[in-house]
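Trainee: Please give me a close look at a single part of this model, and begin with the words I need before I can judge how open a residue is. I would then like to follow the thread outward from that part at a steady pace.

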Amino acid sequence: MKITIHKNNTHIPKYKQIINLIEKAIKKGELKKGDKLPSLNNIKDTNSLSRDTVLTAFNELKNRGIIHSVVGKGYFVTTEDINVKQKIFLLFDELNSFKEDLYNSFLQNLGDNIQVDIFFHHFNNDIFDKLINDNIGNYSYYVIMPANLNGTEKSIQNLPEDKVYILDQIHKGLSKYPAIYQNFEKDITEGLASILIKIVNYEKLILVFSDKKQPQGFLKGFRGFCSKYHVSSEIIESLNHRIPKKGEIYIVLDDKNLIRIIKKIKEANLILANDIGIISVNDTILKEVVADGITTISTDFNLMGKRLAEMILNNEQIKIENPSQLILRKSI
């Protein structure tokens, strides 16, 4: 295939003309999935253009996922769907029910002709770095959930700064990027303070906390709350060898430990809310009905997904703290 632009067509930028010609060839079936495109130099020399003009056209098509490059071989057609206008790289730590709510809300509010590819780093620095480095230049925008991994700014700095959005946690090295995030320290402090009158009915407040996966803000906020209000407290890493006792109230940050503590409470013949209490983090429909309702401290994940979509669509370079609330149910 030969790409020849119309030099008299001055009202359309030359790089846009290249894009239009490639899209037209795909639409007409002259270019199919897997076909090789003319080289940068071929298009440049044929049309007396700068290399940057041709590269701009190719990069836009690449970001939309319509073409891809193979080192040393050239550019190839990836898809025959030319309706994709933007392609978004979304990197989560892991998938669970509340992140699924966030993801679905994000998709619903992006509108048509935007493709989202989701990846997971599973709290592993090597996987995180590889996923970032393997996808540099392949997307219109990059949404990154760094979780509590250290040194993520080194990989992220290789991405176009104005195309990166940080999700959920902000580290010092990532402060220059737009973000929508949770204020974990404030959320747990204010949430617990709002039910202090119920917490003081128990003898000890226990936080089940994993350094590997959980935000440090939760730990700092928990310690600050207990110190300020003189609440007897304990921090444990696991429930594996823990036997719950009357007078304890547990804060659990993940669903597996929520199921474990409910099971252990039943095995110990304790009555939830009377003998022992539970507060969970991150609300889901399941927590509305399990054990007649579990009290939660939770951000609004649907709102987070909606607002993230709006930020990208409007190219907003801002930081937004997503709101949180305590939802009181029958578990305390």
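Mentor: A residue counts as buried when its relative accessible area is under 20%, as exposed when that area is over 50%, and as partly exposed in between, where the area is found with a 1.4 Å probe and protein chains only. Please keep in mind that this is a predicted model, in which local features need pLDDT of at least 70 and side-chain atom pairs count only at pLDDT 80 or more, whereas totals for chains, interfaces and linings use all residues. Residues are numbered from 1 along each chain as its sequence is written, and side-chain values use heavy atoms, with hydrogens and water left out.

Let us start at K27, which belongs to helix α1, where helices are DSSP runs of H or I with at least four residues, strands are runs of E with at least two, and both are numbered from the N terminus. The relative accessible area of K27 is 71%, so K27 is exposed.

The helix that holds K27 also packs against another one. Two packed helices are described by the angle between their axes and the distance between the axes. For α1 (residues 14-28) and α3 (residues 51-63), the angle is about 50° and the axes are 8 Å apart; here an axis is a line fitted to C-alpha atoms, for helices over the stretch in contact, and angles run from 0 to 180 degrees between N-to-C directions. Angles under 35 degrees count as roughly parallel, over 145 as roughly antiparallel, 65 to 115 as roughly perpendicular and the rest as oblique, and α1 and α3 are therefore oblique to each other. Their crossing is right-handed, a word used when the near helix is turned clockwise from the far one by less than a right angle, while an anticlockwise turn is called left-handed.

Contact means heavy atoms within 4.5 Å, and on the α1 side K14, Y15, K16, I18, I19, I22 and E23 take part, meeting T53, V54, T56, A57, F58, E60 and L61 of α3. Sorted by class, this contact of α1 with α3 has eight nonpolar, two polar and four charged residues; Ala, Val, Leu, Ile, Met, Phe, Trp, Tyr, Cys and Pro count as nonpolar, Asp, Glu, Lys and Arg as charged, and the others, Gly among them, as polar.

If we step back along the chain from α3, we reach S48, which lies in the loop between α2 and α3. S48 has a positive phi of about 50° although it is not a glycine, and with a relative accessible area of 62% it is exposed. N47, by contrast, has its place in helix α2 (residues 40-47) and is buried, since its relative accessible area is 3%. Leaving out residues up to four places away in sequence, N47 touches I3, T4, I5 and K7.

Now return to K27 and look across the model: K27 and M304 are 277 residues apart in sequence, and their C-alpha atoms lie 37 Å apart in space. To place M304, consider helix α4 (residues 97-110) and helix α12 (residues 301-313), which pack at an angle of about 35° with their axes 7 Å apart, α4 passing α12 in a right-handed crossing. M304 is one of the α12 residues in this contact, including also F301, L308 and I312, and the α4 residues there include F98, L102 and F106. By class, the residues of the contact of α4 with α12 divide into 10 nonpolar, four polar and two charged.

One further pair of helices can be described in the same terms. The axes of α7 (residues 184-193) and α9 (residues 216-228) come within 7 Å and cross at roughly 35°, and this crossing is right-handed as well. Among the residues that make the contact are F184, I188 and L192 of α7 and F218, F222 and F225 of α9, and its residues divide into seven nonpolar, three polar and two charged. F225, at 0% relative accessibility, counts as buried.

Finally, a second loop can be set beside the loop of S48. A147 is found in the loop between β5 (141-144) and α6 (152-156), and its phi is near 55°, a positive value in a residue other than glycine. A147 is buried, because its relative accessible area is 3%, whereas S48 is exposed at 62%.
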